[in-house]
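Work through the exercises below with the model open. Try each task before reading its solution.

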Protein chains: 2
Amino acid sequence: MTDKQAHVTHQADVTTNESGELMLENQVCFSLYSAANAIIRAYRPLLEAIDLTYPQYLAMLVLWANNGINVKDMGAKLHLDSGTLTPLLKRLETKGLLDRKRGLTDERVREIWLTEAGKTLKTQAKSIPYTMFCKSELPVEELAALKATCDKLLSNIN
Amino acid sequence: MTDKQAHVTHQADVTTNESGELMLENQVCFSLYSAANAIIRAYRPLLEAIDLTYPQYLAMLVLWANNGINVKDMGAKLHLDSGTLTPLLKRLETKGLLDRKRGLTDERVREIWLTEAGKTLKTQAKSIPYTMFCKSELPVEELAALKATCDKLLSNIN
DNA sequence: ATAAATTGAATTGTGCGCAACTTAATTGCT
DNA sequence: AGCAATTAAGTTGCGCACAATTCAATTTAT
């Protein structure tokens, strides 16, 4: 969306906004999109050291806190569906970090259990958040505000 | 990175931070990543009406303001490389929205020129930013702050 | 009890992002 | 002029995201 559109909210015909509403430079969404890409790019060298991609790292974060979680619940936490998670989890299984077991009471669900290697990896991942914090070169307060706005945006949009 | 890490900056061993530094819920980057995905998801129904994806829409925004731009300069504006842009621009060419012409003075460069259909599409795209602004349900000031922080983050990280 | 509806996961297909590499054109150097 | 270095774009390959669909297991309604 375009920045500083308050005056637009008072007119029916948005397209008459002459002050460059279709200019890339004014679009909040583009900034968000580019920043998210840049963040993932910045994570890459850190995650290569433990042979994970950023989405794989997120899945491991969920597992480190919720070992044995199923695909649906992990998807709810990560805002991702089985179309993304199933192949991702298969790759992590191939790496030997987890096992994908069928639920005992319900054959449909897949429970994801960390292997010892998967549990051990947590130690090596501990330094990553602080390294990223340093790379950002932003004050904690601004990062907190950024997170709060992103969380609001996410819940408003869904 | 993890939220509220100020106290961590004063200690050498980051891994001793016991207060959940590896918890998904505290990670600014995850919020940013999820919000960016959600934004693109929210654009989709609007862009389907004009048969564009979000990255294709961004390329069209660049062209509407800079007709005849080359791939390298477009990449600089969008923070994307030729590996992403070449196939994307080929798809837009297939749709009949642009022509990819060789530079006259330098045979290496590709100049991207809008067709009449490509120029015409701008009219239909004009209402999109305001629709997205409404979907966000956030005050203009907060969106402006979000954009400012994202822009800073992007330039600090690169 | 059984047919219908729902649910959890997997599959298929498309389009990014990006690293790594290739190709061809241009520029710089001597 | 001639050759090395650089540059712009394209290609290849991998891993997401996600819509759409499929399939099997479970739940529900009758």
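**Exercise 1. Determine how helix H2 (residues 54–65) and helix H4 (residues 82–94) of chain A cross, and which residues make the contact.**

Step 1. Take the axes. The axes of H2(A) and H4(A) come within 10 Å and cross at roughly 80°. Axes are lines fitted to C-alpha atoms, for helices over the stretch in contact, with angles from 0 to 180 degrees between N-to-C directions. Helices are DSSP runs (H or I, at least four residues), numbered from the N terminus.

Step 2. Classify the angle. H2(A) and H4(A) are therefore roughly perpendicular to each other, a label for angles of 65 to 115 degrees.

Step 3. List the contact, meaning heavy atoms within 4.5 Å. H2(A) brings Pro55(A), Gln56(A), Ala59(A) and Met60(A). H4(A) brings Leu88(A), Leu89(A), Arg91(A) and Leu92(A).

Step 4. Sort these residues. Six are nonpolar, one is polar and one is charged. Here Ala, Val, Leu, Ile, Met, Phe, Trp, Tyr, Cys and Pro count as nonpolar, Asp, Glu, Lys and Arg as charged, and the others, Gly among them, as polar.

Before going on, note the conventions. This is a predicted model: local features need pLDDT of at least 70, side-chain atom pairs need pLDDT 80 or more, and totals for chains, interfaces and linings use all residues. Residues are numbered from 1 along each chain as its sequence is written, chains are lettered from A and ligands numbered from 1 in the order written, and side-chain values use heavy atoms, without hydrogens and water.

**Exercise 2. Describe the protein surface around DNA strand D.**

Step 1. Find the neighbours, with a heavy atom within 4 Å of the strand. There are 28, and Arg91(A), Tyr33(B), Lys72(B), Arg100(B) and Arg110(B) come nearest.

Step 2. Look at the DNA side. Sugar and phosphate make up 78% of the strand D atoms that come within 4 Å of the protein.

Step 3. Pick out polar contacts (N or O pairs within 3.5 Å). Polar side-chain atoms of Thr53(A) and Gln56(A) sit 2.6 Å and 2.8 Å from a phosphate oxygen of strand D. The side chain of Arg108(A) places an N or O atom 3.4 Å from a base nitrogen.

Step 4. Sort the surface. It has six nonpolar, eleven polar and eleven charged residues.

**Exercise 3. Do the same for DNA strand C.**

Step 1. Strand C is surrounded by 29 residues; the closest are Tyr33(A), Lys72(A), Arg100(A), Arg110(A) and Arg91(B).

Step 2. Phosphate oxygens of strand C lie 2.7 Å from a polar side-chain atom of Thr86(A) and 2.6 Å from one of Arg91(B). A backbone N or O atom of Thr105(B) lies 3.5 Å from a phosphate oxygen.

Step 3. By class, this surface has six nonpolar, eleven polar and twelve charged residues.

**Exercise 4. What rotation superposes chain A on chain B?**

Step 1. A rotation of 180° does it, with 0.0 Å of shift along the axis and RMSD 0.0 Å. The fit is by least squares on C-alpha atoms of residues with pLDDT of at least 70 in both copies.

Step 2. The two copies are thus related as by a two-fold rotation axis.

Step 3. Compare contact residues. Of those in chain A, 100% recur in chain B, so the same surface serves both copies.

Notes
Helix = DSSP H or I, 4+ residues; strand = E, 2+ residues; numbered from the N terminus. Parallel < 35°, antiparallel > 145°, perpendicular 65-115°, else oblique. Polar contact = N/O pair within 3.5 Å; in protein donor to acceptor, adjacent residues only side chain to side chain.
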